[in-house]
Each structure stands twice: as structure tokens, then as C-alpha cells.
Amino acid sequence: MEWFERTKPYEADLIADLNQIVKIPSILDPNTQSDRTPFGVDMARALAKMEELAARDGFRYGRVDNMVTWIEYGPANAAETVAILTHIDIVPAGEGWLRDPFKPEILDGLYFGRGAADMKADLMSAYYAMKYLADHEITLTRKIRLIIGTDEENGWRDLPRYFEVEGEPTMGFSPDGAFPVVNGEKAFQTVQLRFANQTTGDYVLRRFIAGSRPNVVPGEARARISVPNPAQVQNEFATYLAQYPFLSGQSEVRDQEVRLLLKGVQAHGAYPQDGENAGTYLANFLRRFAFNANAKTFLDFIGRVVHDDIGAENLGLRYHDDVMGDLTLNVGVMRFSQNGQGTILLNFRYPQGVNVQAVTTQVQRHLGDFAATVEVWPGGMEPHLVPETDELVGTLSLVYAKQTGMYMNPRTSNGGSYARLLKRGVAFGGQFPDVPVTSHQANESTPVANLTRSMAIFAESLLKLAK
């Protein structure tokens, strides 16, 4: 019997359990952080739900510092471990959803909900792959551990702590990428620009807000401005929007201020070409007006220097590596408040051959009159590459080829998965090549058929790696 035929009967139960996880808004919540809930109450609820499923299905499980839950199958005393590295945290829902992102629905064969693509569906497919092996009482030599983190979308403070306590697994994969095998991941690093906000004169930028995370292309931006002729701004804004059919927005005059809302296309910051950055477009519009002081340099930097420049060519950082590809830039967060502190967060993904010092040096060189300090955010990662000759890469590649009927060479990704934390770690699934990427976007979805399709690939892969 083919693997997909073996896993298809699990579909209804898999979806029922996935619904329980997607309904929990497991987003970093500083307001409910404590020793027992280090990343917020909802994150703790999500881990508890996975532990409830593990207890129901007879797995061994445990928790590390209330940050990571592990679920295990195979000989407890095995000397070697095959890890499945996952996370249960998600990015904020954002704007533009047609339905409630935390009330999952199936429409036209697609499963909708925040986390459907990144990565609750793949977490559940991996869990059910392990459940399949347990249900059939398959004997293994290596043990399998599903490791579930809660800080992947933020500071990666969870799995490094897990490795300190539990040790590093022998090998593993993270279903937080794409098929076929992703044996290389670019570096990712966020650079923060901080500056004082001072603006005077006839044109005053009172507030500018775009983006919530450095690894998300902002889908919405807002500004409040004081100008001599509000009607002129409104007319020019309408004309600007008409030039770009992928943008929308609105303007209003309130309390002697013009308030602007511009909507672009939200996307994962690892693939800025999939989005349309609302923040840089709004700055690009506003820089035509006679703002001065810090407002002028702020708008010029994000509206000209880094606007529509995902290759960072204007920063002198355009770079290509034959193995790992191009350097990319996402302008993830933009903040300006009159007479306050301003912030811009630039998220870079770069291949081998580039380092963080080169990135920060070039940013500093291209600030021009922008009196901003350049700081490196903690938690960045250098490029990661596992040789194609490694047993892990070969085994996963062959399983994928066997089940799909198509061999595809291992490749490099812009995204960063927990696999890079392992010396022998790769990303593997669950994004199929023929499926549009919806991670971090409004109306995030995954094909229902791919839930057990991924499960089948994971189950055979785990069997071969752990047998």
C-alpha cells in the first residue's frame, strides 16, 4: 500500500486536532509574560494542548522552562535522536482577513486560519506522522522527538535553552520550510535605526506607523500630518493610489490634521518580492512635500533609499552567491512620533560571503543626512549549509522523490527555520512547490489534501531515519 493511502484515513482526526491549535492565538504577549508563561498565556495554552494530545495518544512528553514542549516515540534509552523541530507561535493576524483568522474554516479545498501555513498545519502533520508509527507499533533504533518551540517568530530564546538542558539531537529536520530538502539557509539579521524626531515648519509629520515585526512586509501604514492645504494632499494621495492598482487607502481631515491610511500587500519578510510594502510607499508619497529636519530625512530614507529595493542595491549591498543566491532586504517596522524617538527595522537575508559587519557598515555609509544610530538586533544567525552528501539530505530527498514521482535537488532558502540550530539539520516541508506561499499573509491557507500528503512523507522519512 502506498504511504498516502495509509495516512489518508487520519485526515478527519488530524483536522479536528489542528482546529484546536489554530483557535489559540499563540502570539507573543508581553502583557501576560511571567516565569510560568514566558511568552504569554496563550502560548502556554497552546503547549498545554499539545501535551494533552500527547497524553491521549500514549507518548512520552515533557517541557523545558515553559518555553518548549517535547513529545517522544521510540526507545527511551536510545543513544541517538531524530528531531522534528517545530514552533507553535505565530505572527499577529494583521489586516485584510475575510473571516476570523482564529476560527479555522475549509473553503474550496483550502484550510484557512492564522498559522495554517506557518506552521501549525505542518506541526500537526508531523505529529500525526509520529502517531502513525506509534499506532502501528513500529520498532525503531533511534528515538524520535517532536520539539515544539514558542519564540521562533521573535527572538529564538526557546530552542537554544532546550539544547542546553536536553542536548543536541543527532540529526533532524524542520517542516517549517518547503519541499524538497532545504539544506541551506541564508543568514538573517535585523538592523535597527534609532533617531530623534524633530519637525517644524508648515509641514509637520506628527506620526507615522507601519509594520509590527521585522520579518513581515507591512501591509498597512498610517500617517498624521499638518499641512497648509489639506485638500491638495488628499487630491494628490488619490492620484498616487490610482497609479498603483495593488495599493488602496483613504484620507480624512480631522482636528486640523490630514490622516492617511495606505494598504499594500502583507507577506513574509523572507520573501519581500511577494508583498508590497505599505510603509515605504506611504513615505514615497509624503516625501514630495516640504517636510524638514528629521521628518524629511526619515521620509527620504524609507521612501527613496530603501523603497522598492529588495536587493539593497541603494545601500551598496547587492550580492549574489552561486550556491545560496541573493541578499534581500525587508523594511519591516517604521515609527515616527513628533518630538519622540523613532525607529526603523531593516531585516536582511544574506548568503555565505556576506557578514553582519559588512551590512551595518553599508547602512551607516548610506544614511546621508539621517542622524540615526545603527544597532544590530540580538538573535541574528549566520548562513547554514549541510552537505548534499550527508545521510540526512540523501534520505529525505529520496523519500520525497519516491512519493511524488519527481526528484528535485536540495536547495537554499531565504527563510530561517530551527533546522539551522543543528549541525545536521535541514528544512523539509511542508510547502509544496505548486502551492502559493501564504505565510504571514492575510487569509493564510494550506490545501487540505496536503495535510496527509505531508504526513505520509514525514512518516516514511522518520521510519528510514530512525529504523
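Two strands count as paired if DSSP finds at least two bridges between them. Keep that in mind for the close-ups below, which come from a predicted model.

**View 1. Strands β19 and β20 sit side by side and run antiparallel.** Seven bridges join β19 (residues 328–337) to β20 (residues 341–350), so with at least two needed, these strands count as a pair. To find your place, look for Thr-328, which stands opposite Arg-349 in β20.

**View 2. Zooming out from that pair, we get an open sheet of eight strands.** Reading across, the order is β14-β15-β13-β11-β19-β20-β10-β21, with antiparallel pairing. Which strands are at the edges? They are β14 and β21 (373–376), each of which pairs on one side only. From one strand to the next, the twist averages 20 degrees. As a reminder, strands of a sheet pair through backbone hydrogen bonds, either parallel or antiparallel.

**View 3. Helix α7 lies across four strands: β11 (204–210), β13, β15 and β19.** Against β13, the helix runs at about 25 degrees. Helix α7 covers residues 278–286, and the buried residues of α6 pack against it too.

**View 4. Helix α6 has a buried side and an exposed one.** This helix takes in residues 230–243, 14 in total. From its first C-alpha to its last, α6 reaches 20 Å, close to the 20 Å expected at 1.5 Å a residue. Which residues of α6 are buried? Look for Val-233, Phe-237, Tyr-240 and Leu-241. These cover an arc of only 95 degrees around the axis, so they end up on the same side of α6. Over on the other side, Asn-235, Ala-242 and Gln-243 are exposed. And what do the buried residues of α6 pack against? Their partners are β13 (220–226), β14 (248–254), β15 (257–263) and α7.

**View 5. Glu-252 lies in strand β14, one of the edge strands of the eight-strand sheet.** Is Glu-252 buried or partly exposed? Its relative accessibility is 34%, so Glu-252 counts as partly exposed, given that buried means under 20% and exposed over 50%. Leaving aside residues up to four places away in sequence, Glu-252 touches Gln-234, Glu-257, Val-258 and Arg-259. Its side chain also makes a polar contact with the side chain of Arg-254, at 2.6 Å. For a sense of scale, try Glu-252 and Asn-443: the two are 191 residues apart in sequence and 28 Å apart in space, C-alpha to C-alpha.

**View 6. Thr-360 is tucked into helix α9 (residues 356–365).** With a relative accessible area of 12%, Thr-360 is buried, because the cut-off for buried is under 20%. What does Thr-360 touch, not counting residues up to four places away in sequence? The answer is a trio of valines: Val-191, Val-374 and Val-376. Strand β21 spans 373–376, so you can look for it in this view as well.

**View 7. A second open sheet has three strands, in the order β4-β5-β26.** The pairing here is antiparallel. At the edges are β4 (105–107) and β26 (445–447), each pairing on one side only. The twist averages 30 degrees from one strand to the next. Three bridges join β5 (residues 110–112) to β26, and these two strands run antiparallel. A handy landmark is Leu-110, which stands opposite Pro-447 in β26.

Note on methods: Residues numbered from 1 in each chain as written. Predicted model: local features only at pLDDT ≥ 70, side-chain atom pairs only at ≥ 80, totals over all residues. Heavy atoms only, no water. Expected span 1.5 Å × (residues − 1). Buried < 20%, exposed > 50% of the residue type's maximum accessible area, 1.4 Å probe, protein only. Arc of directions from axis to C-beta. Contact = heavy atoms within 4.5 Å. Axes fitted to C-alpha atoms, helices over the stretch in contact; angles between N-to-C directions. Polar contact = N/O pair within 3.5 Å; in protein donor to acceptor, adjacent residues only side chain to side chain.
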